[in-house]
Amino acid sequence: MFDINNIPYEDNKTWSIIKKGHTSGVFQLESELGKQWASKIKPSNINELSAVLALLRPACLDSGMTKQYYLIKSGQEPPLRFDDTEIDSILEATEGVLIYQEQLMKFGSEIAWPDLPRLKKLVMVDKLRKGIGKKDSKLITGLRSDFLSGCVRNGRTEDVGHQLFELIESAGRYAFNDAHAKKYAIWTYRTAYLKANNPYEFYCVYMTYSKIKQKPREELYNLINEARMLGIRVLQPNVIMKNSEFELSQDANGKNIMYGLSHIKQVSFADVETIANNCVDTFQNLLNLMIRVDISRRLRVQSVIGLIRSGACDVYDLSRSSMLGLVDVVKSLSTKEKEHLSLKLDNCKDYGQVKDVLLYISENVSVKKRKDLVVSEIDMWNTEEEDDDEQMLVMETQLLGIEMSASVEYSTNKRKMNCKS
């Protein structure tokens, strides 16, 4: 059984996607900044990944520490060295860049005050910790005299003491907690590991949870584009599949991810539930849900329009324009006219039969003042109307967050509604 707590931390595939910045959906690295700096710094272990996460914060970016770490790690600049074994050992893990609060505290406990009685040393280091943790420059500055005298007392020159304290004052504004950075790094690695080794499951879950993000459409755009780049097929929504969320599926071409119907703009969970509980094998079945007598089980008009425009109804082999035209005709009918159409619609096998039913309704059901209006709506409905490719893709982007049609080919002879029920 898979155990996230028992994965290898030297997995090449995992480090590869982190180094390349392919980190959409990866904890702490999914932002553009995260991708950018991960691909520049190229961390190859948890310690380096911890440093990247700590350096991604605004204070570090503004101070130039993030860039400095990158330049040193990439060999473009030399690391900071004091030619002092104890001092350099504190800086070594972070390429000579002060990143963590714990490093600054070690300057106090190991360089300035190692000779103090244990209790007094703890008090001094704790004051330094509070000053750093609370970004309290006044408290830090108040420790300068004690720090300098401690450095001299323990064999360092006053000049070295000044240099170290200037680092404390400077780094104290942005230094991060090492333990927190390590914990974040472990979860960053774990999500990257899942992405690298179980990509279909990873993308399926993250696409499903994109709706809780601040910008769900933008999130989906990034995730789907990245999945495509990695050879993972994300199929356009299909109303007959009835899947509310993104779902793994299999076809003749192999494994893929099916777009979730509830993620289509204008389509709600209630709409998908209505679809899931009814037969929608044909377009006439779906349309009938829009005009059924029971309002509590009725499909909203905007939902049907959204399904058509997003490509979720392409499975019916009808042009989107013709389907939308029929929706417009049905919308214009009165309640009594819709009730009559609902009784006949599922038995219609093509557009011709639907027109015959509508004409019958105009003659025998519509009140006198509506007869001409209904006939006019029927005449305006073009059953042979073809789709505008560019407009289709624009609508997909608006409703799905991204263009989903792999190819836009609609044969003019695909106009029959084949009733499967």
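**Exercise 1. The sheet and its pairing**

Task: determine in which sense S1 and strand S3 (residues 254-258) pair, and over how many bridges.

Solution. S1 and S3 pair in the parallel sense, over two bridges, where two strands are taken to pair if DSSP finds at least two bridges between them. Helices (H or I, at least four residues) and strands (E, at least two) are DSSP runs, numbered from the N terminus. The model is a predicted one, in which local features need pLDDT of at least 70 and side-chain atom pairs count only at pLDDT 80 or more, while totals for chains, interfaces and linings use all residues. Residues are numbered from 1 along each chain as its sequence is written, and side-chain values use heavy atoms, with hydrogens and water left out.

At the level of residues, Leu235 has Met258 of S3 as its bridge partner. The next step is the order of the strands, which in this open sheet of three is S1-S3-S2, with mixed pairing. Strand S1 (234-235) and strand S2 (247-251) each have a single partner strand and stand at the edges, so one side of each is left without a neighbour in the sheet.

**Exercise 2. Helix H13 and its surroundings**

Task: establish which strands helix H13 (residues 199-208) touches, which of the residues in H13 are buried, and how H12 and H13 cross.

Solution. Helix H13 packs on the sheet and touches S1, S2 and S3, and its direction makes about 10 degrees with that of S3; contact here means heavy atoms within 4.5 Å, and axes are lines fitted to C-alpha atoms, for helices over the stretch in contact, with angles running from 0 to 180 degrees between N-to-C directions.

The buried residues in H13 are Tyr200, Phe202, Tyr203, Cys204, Met207 and Thr208, where buried means under 20% relative accessible area, exposed over 50%, and partly exposed in between (1.4 Å probe, protein chains only). These buried residues pack against helix H12 (178-197), helix H14 (216-229) and the strands S1, S2 and S3.

For the crossing, the axes of H12 and H13 come within 5 Å and meet at roughly 120 degrees. H12 is therefore oblique to H13, since angles under 35 degrees count as roughly parallel, over 145 as roughly antiparallel, 65 to 115 as roughly perpendicular and the rest as oblique. The contact is made by Thr191, Leu194, Lys195, Ala196 and Asn197 of H12, together with Pro199, Phe202, Tyr203 and Tyr206 of H13.

**Exercise 3. The crossing of H10 and H11**

Task: describe the angle at which the axes of helix H10 (residues 144-153) and helix H11 (residues 158-171) cross, and name the residues that make the contact.

Solution. The axes of H10 and H11 come within 8 Å and cross at roughly 140 degrees, and the two helices are therefore oblique to each other. From H10 the contact draws on Arg144, Phe147, Leu148, Cys151 and Val152, and from H11 on Glu158, Gly161, His162, Leu164, Phe165, Ile168 and Glu169.

**Exercise 4. Two loop residues with positive phi**

Task: locate Asp83 and Glu95, and decide how far each is exposed.

Solution. Asp83 lies in the loop between helix H5 (65-73) and helix H6 (85-92), and its phi is near 55 degrees, a positive value in a residue other than glycine. With a relative accessibility of 77%, Asp83 counts as exposed. Glu95 is found in the loop between H6 and helix H7 (101-112), has a phi near 60 degrees, and is partly exposed at a relative accessible area of 25%.
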